[in-house]
Structure formats: structure tokens, C-alpha cells
Amino acid sequence: MSYMGKRPRAEVDAMFPMIRRRAHQQVLAETSAHDPLALDGKIEITGRDRVYAKFFALDEISLRHETFDGAMSEEIDRAVFVSADAALVLPYDPARDRVLLVEQIRMGPLARGDHTCWQLEPIAGHIDPGETPQTAARREALEEAGITLGALEPVGNVYASPGNATEFFHIFVGFADLPDHIIGTGGLASEGEDIRSHLMSFDDLMALADAQALANAPLVASAYWLARHRERLRSESATAKPDGT
């Protein structure tokens, strides 16, 4: 409603799907439970201005916060990139001991001046209003790679860059059947997606991770999580039901 009288209706209509996702992000944030040793201090927001909004948004915030000695800080000015929660999943075939990665062009490397603008990643996408992270992960796996996931193993629930962004990742490793013919291209044309999938053995994935040749943080985290839990997953898959539960 803060856009009323400031932006034309047609512009708000175009932004509305992302507005709803950002609202759903605040709903999901109410369930967050992490950092039990961190300070639960007082925060006074003295000003908040949305200086940019289209698909993403940028807010400028003025605030005072409780300090570790119990006092209140001076007023400080900060900017925050406002996105939506995302579900990410690394499909893993325990029988073949291989994973599926996706590749697409990314704006972060492009804007940074990185010569490698196409990145290897887990499957990922924003969580739609009313969706659980698990439902979003399964939907994105179908949209981006045409695969149906079995059981999902939680890897972590983390901020992408807590110093300057609201973006929050719900990361999974998902059981999947990954035969040779599964690779190809996918994504939604309506969202401008052009996505290529890759099959990679566990050993090759870890070789890239150990060589610091992977630039995507959730992929690196998922790879090392998989290394820690791989033997358990392979053992459990041998006795899993056909539907993957």
C-alpha cells in the first residue's frame, strides 16, 4: 500500500507477484530459529524509504540499536536489497553416486566484472505465496530440469548476505533418479530462463569444490554437506520405498 499515489496502477500490477513473494518472506521469517547465542536486542527504526522497486527492491533505513554494553547506538543509515525467500536443491542419485547441476547466466558476476557469467548451481527458485520451501524445491526441479524429486534432506536455512540483503535460502539435497538421458535445457520462457543441466559424479563435484572452482556458495555448502552424509544417504536409499519416502 506504500505505493498508493506514488506509482501508476499498471506498474504495481506488474510488480504484484514479487510483492506477494516479499510478503510471504515476512511470514516465513516469523518461523526462523537460529543463532541461539546471539543478542536479542532493542532496535528503533527511525526512517524507512523504498528508493527502488521493480522485480527486486531497495530500502534505505535509519535506525538505532542496542549495543553489547546495554546502551543505544547513534542513528545510523543503511541500505538493504529486498528480495524473497528461495528454495534450493541439489539432486543426488545415490545408486549412481552422481548429482545434477544447472547452469545459467547470472547478473552478479556480470555486474562485478567476472569473465565467468554462466554459473554452475543447485536448482533454485523463489518460494511462491502459500508454498512451503519443500514444495517450491519440487516445483523448481520440474521447471528447470524436468525431474521429480524423492525425499528431501535439509542442508541449511541461511541468509545469502545478511549485511545487505533480505534474501534467505532454504537448501536441500534431494533424492532423484538421474540416468544419462536426463540432461538437456529447461526453464520457463515466461521468466526469461535459459537453463542447461549437467550430470556430475560425486568425486568430480568434490574435486571442483576442493579446487575452489565453484563460485556458488549454496552449491559449495551442499557439496560438503553431501560429503558428510553421503554414506548414510546411500545406505538409506537401498531400503527406501519406490516413491522415495
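Student: What does arginine 106 count as at 29% relative accessibility?

Tutor: At that value arginine 106 counts as partly exposed, because this class lies between the buried residues, under 20%, and the exposed ones, over 50%. Please keep in mind that this is a predicted model.

Student: Which side chain does arginine 106 meet in a salt bridge?

Tutor: Its partner is glutamate 121, with 2.6 Å from N to O. The pair joins distant parts of the chain, since arginine 106 sits in the loop between β5 and α2 (107–112), while glutamate 121 belongs to strand β6 (residues 118–121), 15 residues apart. Glutamate 121 counts as buried, at 5% relative accessibility.

Student: How many salt bridges does a search of the whole structure find?

Tutor: The search finds 20 salt bridges. One of them is formed by aspartate 177 and arginine 96, whose closest N and O atoms are 2.6 Å apart. Aspartate 177 lies in the loop between β9 (168–175) and β10 (185–186) and arginine 96 in the loop between β4 and β5, so this pair ties together parts that are 81 residues apart in sequence. Aspartate 177 is exposed, with a relative accessible area of 51%, whereas arginine 96 is partly exposed at 39%.

Student: Which residues are joined into one network by salt bridges that share partners?

Tutor: Let us start from one pair, aspartate 128 and arginine 139, where the closest N and O atoms are 3.5 Å apart. Aspartate 128 is in the loop between β7 (123–126) and α3, and arginine 139 is in helix α3, so the bridge ties together parts 11 residues apart in sequence. The network formed through shared partners consists of Arg21, Asp128, Glu131, Arg139, Glu140 and Glu143.

Student: What describes a pair of aromatic rings?

Tutor: The general description uses the distance of the centres and the angle of the planes. Here, three aromatic pairs are found in the whole structure. In one of them, phenylalanine 55 and phenylalanine 56 are edge-to-face, at 4.8 Å centre to centre and 85° between the planes. Phenylalanine 56 also pairs with phenylalanine 81, and because their planes are at 50°, with centres 4.9 Å apart, this pair is tilted. The tilted pair links phenylalanine 56, in the loop between β1 and β2 (57–65), with phenylalanine 81 in strand β3 (residues 76–82), 25 residues apart. Ring pairs thus link Phe55, Phe56 and Phe81 into a cluster.

Student: Where do nonpolar side chains tend to be in soluble globular proteins?

Tutor: They tend to be buried together. In this model, the largest nonpolar core has 19 residues, and those with the most contacts inside it are Val89, Leu100, Ile123, Ala137, Ile147, Leu149 and Leu152. The elements giving two or more residues to this core are β4, β5 and α3 (133–145), and α3 gives the most, with four residues. Leaving aside neighbours within four places in sequence, alanine 137 is in contact with Ala87, Val89, Leu149, Leu152 and Phe172. A second, separate core of 17 residues includes Leu90, Val99, Leu205 and Leu233.

Student: Which nonpolar residues form a patch on the surface?

Tutor: The patch is formed by Val51, Tyr52, Leu58 and Phe81, with about 310 Å² of accessible area together. Tyrosine 52 lies in strand β1 and is partly exposed, with a relative accessible area of 41%.

Student: What sign does phi have in most residues other than glycine?

Tutor: In most of them phi is negative. Aspartate 97, however, has a positive phi near 55°; it lies in the loop between β4 (86–93) and β5 (98–105) and is buried, with a relative accessible area of 11%.

Key. Residues are numbered from 1 along each chain as its sequence is written. This is a predicted model: local features need pLDDT of at least 70, side-chain atom pairs count only at pLDDT 80 or more; totals for chains, interfaces and linings use all residues. Side-chain values use heavy atoms; hydrogens and water are left out. Buried means under 20% relative accessible area, exposed over 50%, partly exposed in between (1.4 Å probe, protein chains only). Rings of Phe, Tyr and Trp (its six-membered ring) pair if their centres lie within 6.5 Å; planes under 30 degrees apart count as stacked, over 60 as edge-to-face and the rest as tilted. A nonpolar core is a set of buried Ala, Val, Leu, Ile, Met, Phe, Trp, Tyr and Cys residues joined through side-chain atoms within 4.5 Å. Contact means heavy atoms within 4.5 Å. Patches are made of residues with over 30% relative accessible area and no salt bridge: like charges are joined within 9 Å, nonpolar side chains (Val, Leu, Ile, Met, Phe, Trp, Tyr) within 5 Å. Accessible areas come from the Shrake-Rupley method with a 1.4 Å probe; for residues, only the protein chains shown count as cover. A salt bridge is a side-chain nitrogen of Lys or Arg within 4 Å of a carboxyl oxygen of Asp or Glu.
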